[in-house]
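Q: I would like to learn how to read a nonpolar core and a chain interface from coordinates. Could you take me through an example?

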Amino acid sequence: MNDYIKKTDLYGKIWIWTAVVVVLMVPVAACLYYDAWPDGAAVLKGLLGVAPIYWTVGVIEVITYTPMLGTGGTYLAFVTGNLTSIKVPSALNAMENAQVKPGTEEGEVISTIAIATSSIVTTLVIVAGVIGLSALAPILSSEVLAPAFDNILPALFGGLAVVYVSRNWKIAIAPLIFMVVLFLCIPSLAGSVGVLVPVGVLVALAAARFMYKKGWL
Amino acid sequence: MEFNINSTFLYLLAVCVVLFVLVQSIFFLIRAYRRGKQIGITTETLRKTIVSTAIFTVAPAISILLGVVTLSKFLGIPLPWIRMSVIGAITYELPAATSTANALSISLSEAITDPKIYTAIAWVMTLGIMPSIILPPILMKKIQGGMIRIKNKDTKWGDIFMTAMFLGMISAFLGMVFADVRSGMKGFIPIFVLLVSAAIMGICGILIKKFQMKWLETYALSISMIGAMLFAVLITPLIR
């Protein structure tokens with residue numbers, strides 16, 4: 001590990017632990033200010049409804065995305081959130097355009113720049129939206145525009161897939177067929193796509209390893 | 001203190017969190033930019049990365065803003081604003097709020113007036129996403145070390161390993177698009193949108209390679225995404 005990555009790791013850790021405190025301070029501050037500590041049982045019940053799946057997704061996302069995003073990118077992306085819909089695609093697209101590979105220092109730098117830029121832009125768009133919410137809300141939630149935002153993931157992954165699938169179609173075949181068949185057979189899985197990302201990754205890795213050993217790649 | 005889901009105090013909290021996120025992002029941006037120049041990445045490439053990412057981000061960011069709009073109906077603006085700026089995603093925040101509301105047997109059809117319900121929801125939203133923020137610093141060394149070991153052992157396999165990971169992830173989202181086909185033509189809309197996005201990207205690729213329109217690289221992903229979103233707006237009323 002070179003000096004830059006080492007320092008990035010150190011700064012990243014300082015920022016992320018500070019972020020933990022900042023994030024926890026929000027409910028603490030609200031409870032103290034309004035002297036309104038919630039019923040522990042209610043919080044636990046609410047948490048039981050979401051934690052099993054989201055904690056699992058959290059673990060999976062960290063393991064899957066860390067190698068793709070690099071050290072700085074990972075620390076920043078996990079604080080700012082919205083990984084699948086913004087951070088990961090923008091980092092992948094940026095590395096592709098700059099012709100650098102993840103896992104190299106160049107990849108680390110480009111990925112961090114992409115994630116930082118998209119965090120800043122997202123934050124500013126939300127700030128602008130919050131300021132103009134009364135004027136914007138009816139337009140944004142209009143029936144006419146609803147299909148555009150309902151289909152943001154296919155609109156995003158269609159373009160992204162062309163770049164990666166066309167270049168590595170041999171590796172792509174097995175996980176693609178597996179996932180399409182899986183979702184056709186069990187449509188209700190669409191709600192837990194986050195849990196299926198590592199399944200796709202494992203299928204892709206197994207198929208790639210097999211083809212690599214056979215000398216097909 | 002009288003409770004109000006849109007109180008100045010809650011807005012102040014939101015502003016603090018947003019400033020924290022902005023300062024952290026700017027800190028990492030400046031460091032990476034400087035390092036990029038040191039290791040010989042051209043200013044043009046660095047600039048293009050920033051411009052291209054900024055443009056690409058606008059449309060998904062608006063969809064996140066829509067999440068704030070949805071949640072603000074019962075949680076007010078500050079809490080959804082905070083949650084969507086740090087770690088959050090609408091796919092998580094809405095179920096978290098709904099789950100807590102169910103546990104408390106209340107409806108989320110109107111603005112919350114009881115501060116205890118509000119703080120219960122805030123706690124569930126916060127605690128539910130904790131692993132995403134606590135695990136990276138704990139697991140970073142292990143994961144990065146593992147990747148370096150794979151690469152050192154066999155460089156070619158290391159590259160294939162990384163590509164396979166991307167493709168595995170992309171496959172899961174591509175597969176998801178097929179989930180609703182049994183609901184009739186309506187269920188095919190996401191597939192059409194995906195295909196249009198792929199087609200626009202393909203055309204951009206041809207223009208870039210065959211007609212040397214290198215500048216298009218910066219905008220290709222944004223163009224294909226927004227083009228496909230517009231297509232969704234046009235096709236949905238026709239199919240419904």
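A: The turns below go through the core, the domains and the chain interface. This is a predicted model, in which local features need pLDDT of at least 70 and side-chain atom pairs count only at pLDDT 80 or more, while totals for chains, interfaces and linings use all residues. Residues are numbered from 1 along each chain as its sequence is written, and chains are lettered from A in the order in which they are written.

Q: Which residues have the most contacts inside the largest nonpolar core?

A: A nonpolar core is a set of buried Ala, Val, Leu, Ile, Met, Phe, Trp, Tyr and Cys residues joined through C-beta atoms within 7 Å, where buried means that 20 or more other C-beta atoms, placed from the backbone, lie within 10 Å of the residue's own. Here the largest one has 151 residues, and V79(A), A204(A), V124(B) and I170(B) have the most contacts inside it. Helix α2 of chain A (residues 40-80; helices are DSSP runs of H or I, at least four residues, numbered from the N terminus) gives the most to this core, with 16 residues.

Q: Why does this core lie between the two domains of chain B?

A: Domain 1 (8-128) and domain 2 (144-239) of chain B, with bounds from an automatic or database domain assignment, both give residues to the core, so it lies between them.

Q: How many residues of each chain are in contact with the other?

A: Counting two residues as in contact if their C-beta atoms lie within 7 Å, 130 residues of chain A touch 128 residues of chain B. The largest share of chain A's side, 27 residues, comes from α2(A).

Terms used:
A residue is buried if 20 or more other C-beta atoms lie within 10 Å of its own, exposed if 12 or fewer, and partly exposed in between; C-beta atoms are placed from the backbone. Helices (H or I, at least four residues) and strands (E, at least two) are DSSP runs, numbered from the N terminus.
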